[in-house]
Each structure stands twice: as structure tokens, then as C-alpha cells.
Amino acid sequence: MRIAAFLPELLRSLFKKPNTVDYPFKKLAVPEGFRGTPHLDPDMCIVCRACERDCPAEAIEITAVNEAEKRFRMVIHNDRCIHCGQCVDSCPTVPKAMRIDSLFEIADDSRHKMKEDWVYVRAVIKPKAPAPAPAGESPNA
Ligand code: SF4
Ligand code: SF4
């Protein structure tokens, strides 16, 4: 009988742990470097628009709310995001104003609910302090 050919495998499987997890009740840790959901740290954003320019999915939208007050709005359309991480790579600030976390359960019943937005005042990067002059030298020499 053909069933006899499957019997050893069947018996082995009875005593093996399952290869899958009981998601969503149990979750596996995501691997290091996993690209989940992009987020803005508005305190660091200088509104250079590099993230908006380089996003291949056109998922980032930056608009001026009040130019005089240097107030801007950034929207990330998570329904369009392909989690490539380019916005983080393009962001020039240190530390990065754009980050990507490990969140991946962001599905919703409406694409409009997947938007994240921030209204904020453009950050000002303070100039770096001049490097100290070598010992024995006047800084104005
Ligand atoms: S992760 Fe990629 S697709 Fe998503 S917002 Fe950033 S650049 Fe755009
Ligand atoms: S998040 Fe970074 S790349 Fe995007 S506008 Fe702000 S400073 Fe520029």
C-alpha cells in the first residue's frame, strides 16, 4: 500500500515541534536590520526634502504650512511605502531625522488610516564649535 511509504514520516512528524508559529498569538523576533515602518523625528528635520526626492514610491510628502514661521508638514503614506530604507540613507542629519523601525503590522481597513503625519517647525542645525587649537598655538595665529 502506498500509505506505508508515508508512515515513517507521519510518525516522525507526530513527535516533532511544528515549524510554524501560532501567529498572531505568538510572534517571532524580526532579524537585526529589518526594515519596518519609517518615522520622522521632527526635532531633527531640517526640511532638506532629500527623503521626499529620493523615495522611489513617492510615499513622502512635505508641504509648507506657514513659511514665515518655518512650519512644515510631512506625511508618510505607509500604503505606498515599499520599506526600502532609502529615506533613512538620504537623510543628512546626525542623528537621523528619518528612521525606520521594526513595526510591520500596520495594515488597516482603509489606506487613509495608514498615513502618519507631523506638523513641526524646521530644525536649525547649530554650527559646530571650532576645533581647539594645538597646544602652544594661538587660535588667531
Ligand atoms: S522606506 Fe523607501 S518607500 Fe518607504 S518612505 Fe522611505 S524611501 Fe519611501
Ligand atoms: S527627514 Fe531628513 S531627509 Fe527628510 S527632510 Fe527631514 S532632514 Fe531632510
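Which residues are around ligand 1? I started my notes with this, keeping in mind that the model is predicted.

**Entry 1: the ligands**

I looked up the surroundings of ligand 1 and found P38, C55, P56, A57, I60, C81, I82, H83, C84, G85, Q86 and C87. I then sorted this shell by class: nine residues are nonpolar, three are polar and none is charged.

For ligand 2 I noted 14 surrounding residues, of which C45, C48, R49, C51 and C91 come nearest. The shell around ligand 2 has twelve nonpolar residues, one polar and one charged.

**Entry 2: H83 and V47, two backbone angles**

H83 is on the list for ligand 1, and I checked its backbone. Its phi is positive, about 60°, although H83 is not a glycine. H83 sits in the loop between β3 and α3. I put H83 down as partly exposed because its relative accessible area is 25%.

V47 also has a positive phi, about 55°, and is not a glycine. I found V47 in the loop between β1 and α2. Is V47 buried or exposed? V47 counts as buried, because its relative accessibility is 10% and the cut-off for buried is under 20%.

**Entry 3: cis peptide bonds**

I looked at two peptide bonds that lead into a proline. The bond from Y23 to P24 is cis, with omega near 10°. P24 is in the loop between α1 and β1.

The bond joining V94 and P95 is cis as well, with omega about -5°. I placed P95 in the loop between α3 and β4.

**Entry 4: salt bridges**

How many salt bridges does the structure hold? I have ten in my notes. Side chains of opposite charge can pair when their charged atoms come close. I followed some of the pairs one by one.

E9 and R12 meet through their side chains, at 2.9 Å from N to O. The two are about one helical turn apart, because they are three residues apart in helix α1. E9 is partly exposed at 38% relative accessibility, and R12 is partly exposed at 49%.

The side chains of E105 and K27 also form a salt bridge, at 3.3 Å from N to O. This pair links distant parts of the chain, 78 residues apart: E105 is in the loop between β4 and β5, and K27 is in the loop between α1 and β1. I noted E105 as partly exposed, at 38% relative accessibility.

R99 pairs with D41, and their closest N and O atoms are 3.3 Å apart. R99 lies in strand β4 and D41 in the loop between β1 and α2, so the pair ties together parts that are 58 residues apart in sequence. Both partners came out as partly exposed: R99 has 41% relative accessibility, and D41 has 21%.

I also noted a network in which D108, D109 and K113 are joined by salt bridges that share partners.

**Entry 5: H77, N78 and E61**

H77 lies in strand β3, residues 71-77. I put H77 down as buried because its relative accessibility is 9%. Leaving aside neighbours within four places in sequence, H77 is in contact with A59, E61 and K115.

I followed that contact to E61, which is in strand β2, residues 60-66. E61 is partly exposed, with a relative accessible area of 35%. Outside its neighbours up to four places away in sequence, E61 touches E52, R73, M74, V75 and H77. For E61 and V75 I noted 14 residues of separation in sequence and 5.2 Å in space, C-alpha to C-alpha.

N78 is in the loop between β3 and α3, and it counts as buried at 6% relative accessibility. Which residues does N78 touch, not counting those up to four places away in sequence? I found T37, P38, I106, M114 and E116. N78 and P38 are 40 residues apart in sequence, and their C-alpha atoms are 8.2 Å apart. P38 is also among the residues around ligand 1.

**Entry 6: a surface patch**

Last, I looked at the surface. L7, L10, L11, L14 and F15 form a nonpolar patch there, with about 570 Å² of accessible area together. One of them, L7, is in helix α1, residues 3-14. I noted L7 as partly exposed, at 42% relative accessibility.

Conventions
Residues numbered from 1 in each chain as written. Chains lettered and ligands numbered in written order. Predicted model: local features only at pLDDT ≥ 70, side-chain atom pairs only at ≥ 80, totals over all residues. Heavy atoms only, no water. Patch = residues over 30% accessible without salt bridge, like charges linked within 9 Å, V, L, I, M, F, W, Y side chains within 5 Å. Areas by Shrake-Rupley, 256 points an atom, 1.4 Å probe, with all protein chains shown as cover. Salt bridge = Lys/Arg side-chain N within 4 Å of Asp/Glu carboxyl O. Helix = DSSP H or I, 4+ residues; strand = E, 2+ residues; numbered from the N terminus. Buried < 20%, exposed > 50% of the residue type's maximum accessible area, 1.4 Å probe, protein only. Contact = heavy atoms within 4.5 Å. Near = heavy atom within 4 Å. Nonpolar A, V, L, I, M, F, W, Y, C, P; charged D, E, K, R; others polar.
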